[in-house]
Amino acid sequence: KHQTIDGAFGMTMDMFGPVSLRRNDLYLFSLSNINTRLSRLQQGAENQLIIYGDSIYPWMSHVKSSWKIIDDEWKRIQNVKYSKVRIAIEWNYMATSSLYAYVKKINKLKLLGVGAVAKVYTVATFLRNCHVALYGSETSIYFNVHIPQDMLERYVNQR
């Protein structure tokens with residue numbers, strides 16, 4: 001199991017893991033220390049970016065999730081908007097498994113051992129990001145984001 005942060009282009013921007021599938025998302029979230037990492041990355045920046053996480057995630061300075069208690073119209077509207085973003089995130093997992101069907105074969109991946117499984121999924125995600133940089137994605141269409149022509153070069157040169 002991995003925790004990923006995906007951007008509006010449809011590319012995975014951060015990946016943490018693996019951890020056992022027996023562990024829940026909150027455990028993975030806690031281990032990733034993503035709120036602190038995002039805070040440090042943006043230290044001194046005037047506009048701070050935040051991420052939207054699973055509903056189980058706590059509200060923190062750089063991580064938000066859906067409202068648990070909806071006591072006004074604004075919170076209801078926010079939850080509707082958040083759920084649309086959450087759906088888009090799932091498309092990226094689907095795209096990885098569609099492009100690289102091997103990652104769907106959990107039983108075969110278990111035989112490889114944890115280290116090899118992590119490498120297979122990490123490489124598949126890297127290659128999906130390259131595919132998105134060249135051809136776009138359902139996510140970039142959904143968010144109406146134009147992918148620059150040199151996105152692949154930018155992405156690969158950041159590695």
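Author: A residue counts as exposed when its relative accessible area is over 50%, as buried when that area is under 20%, and as partly exposed in between. Keep those cut-offs in mind. The model above is predicted.

Reader: Apply them. Is asparagine 144 buried or exposed?

Author: Asparagine 144 has 70% relative accessibility, so this residue counts as exposed. It sits in the loop between α6 (138-142) and α7 (151-158).

Reader: What is the value of phi at asparagine 144?

Author: First the general idea. Most residues other than glycine have a negative phi. Asparagine 144 departs from that sign: its phi is near 55 degrees, a positive value. Asparagine 33 also has a positive phi, near 55 degrees, and is not a glycine either.

Reader: Where is asparagine 33 found?

Author: In the loop between α1 and α2 (34-41). Its relative accessible area is 39%, so asparagine 33 is partly exposed.

Reader: Next, the backbone. Which peptide bond is cis?

Author: Again, the general idea comes first. Most peptide bonds are trans. Here the bond from glycine 17 to proline 18 is cis, with omega near 10 degrees. Proline 18 belongs to the loop between β2 (12-16) and α1 (25-32).

Reader: Step back to the fold. How many helices and strands does the chain have?

Author: There are 7 helices and 4 strands. In sequence order they run β-β-α-α-β-β-α-α-α-α-α. The radius of gyration is 17 Å, close to the 15 Å that the globule rule gives for 159 residues, so the chain is as compact as a globular protein of that length. Along the principal axes, the C-alpha trace spans about 50 × 40 × 30 Å.

Reader: What share of the residues counts as buried?

Author: Of the 159 residues, 35% are buried. Contacts add another view of the fold. Take those with a separation of 6 or more: 50% of them join residues 24 or more positions apart. The accessible surface comes to about 10,300 Å², and carbon and sulfur atoms hold 58% of that area.

Reader: Now charges. How far apart are the mean positions of the positive and negative charges?

Author: They are 10 Å apart, taken over 20 positive and 12 negative charges.

Reader: And how many salt bridges are there?

Author: The general idea: side chains of opposite charge can pair when their charged atoms come close. The cut-off is a side-chain nitrogen of Lys or Arg within 4 Å of a carboxyl oxygen of Asp or Glu. By that rule the count is 5.

Reader: Which residue pairs with aspartate 14?

Author: Arginine 37, with the closest N and O atoms 3.0 Å apart. This pair links distant parts of the chain: aspartate 14 is in strand β2 and arginine 37 in helix α2, 23 residues apart. Arginine 37 is partly exposed, at 29% relative accessibility.

Reader: What separates arginine 76 and glutamate 73 along helix α3?

Author: Both lie in helix α3 (residues 73-99), 3 residues apart, so about one helical turn separates them. Their side chains meet in a salt bridge at 2.5 Å, N to O. Arginine 76 is partly exposed at 40%, and glutamate 73 is partly exposed at 45%.

Reader: One last pair. Which residue forms a salt bridge with aspartate 71?

Author: Lysine 75 does, with the closest N and O atoms 3.1 Å apart. Check both partners against the cut-offs. Aspartate 71 is exposed, at 56% relative accessibility, whereas lysine 75 is buried, with a relative accessible area of 15%.

Terms used:
Residues are numbered from 1 along each chain as its sequence is written. This is a predicted model: local features need pLDDT of at least 70, side-chain atom pairs count only at pLDDT 80 or more; totals for chains, interfaces and linings use all residues. Side-chain values use heavy atoms; hydrogens and water are left out. Helices (H or I, at least four residues) and strands (E, at least two) are DSSP runs, numbered from the N terminus. The radius of gyration is taken over C-alpha atoms; the globule rule is 2.2 Å times the number of residues to the power 0.38. Buried means under 20% relative accessible area, exposed over 50%, partly exposed in between (1.4 Å probe, protein chains only). Contact means heavy atoms within 4.5 Å. Accessible areas come from the Shrake-Rupley method with a 1.4 Å probe; for residues, only the protein chains shown count as cover. Lys and Arg count as positive and Asp and Glu as negative; His and the chain ends are not counted. The place of a charge is taken as NZ of Lys, CZ of Arg, CG of Asp or CD of Glu.
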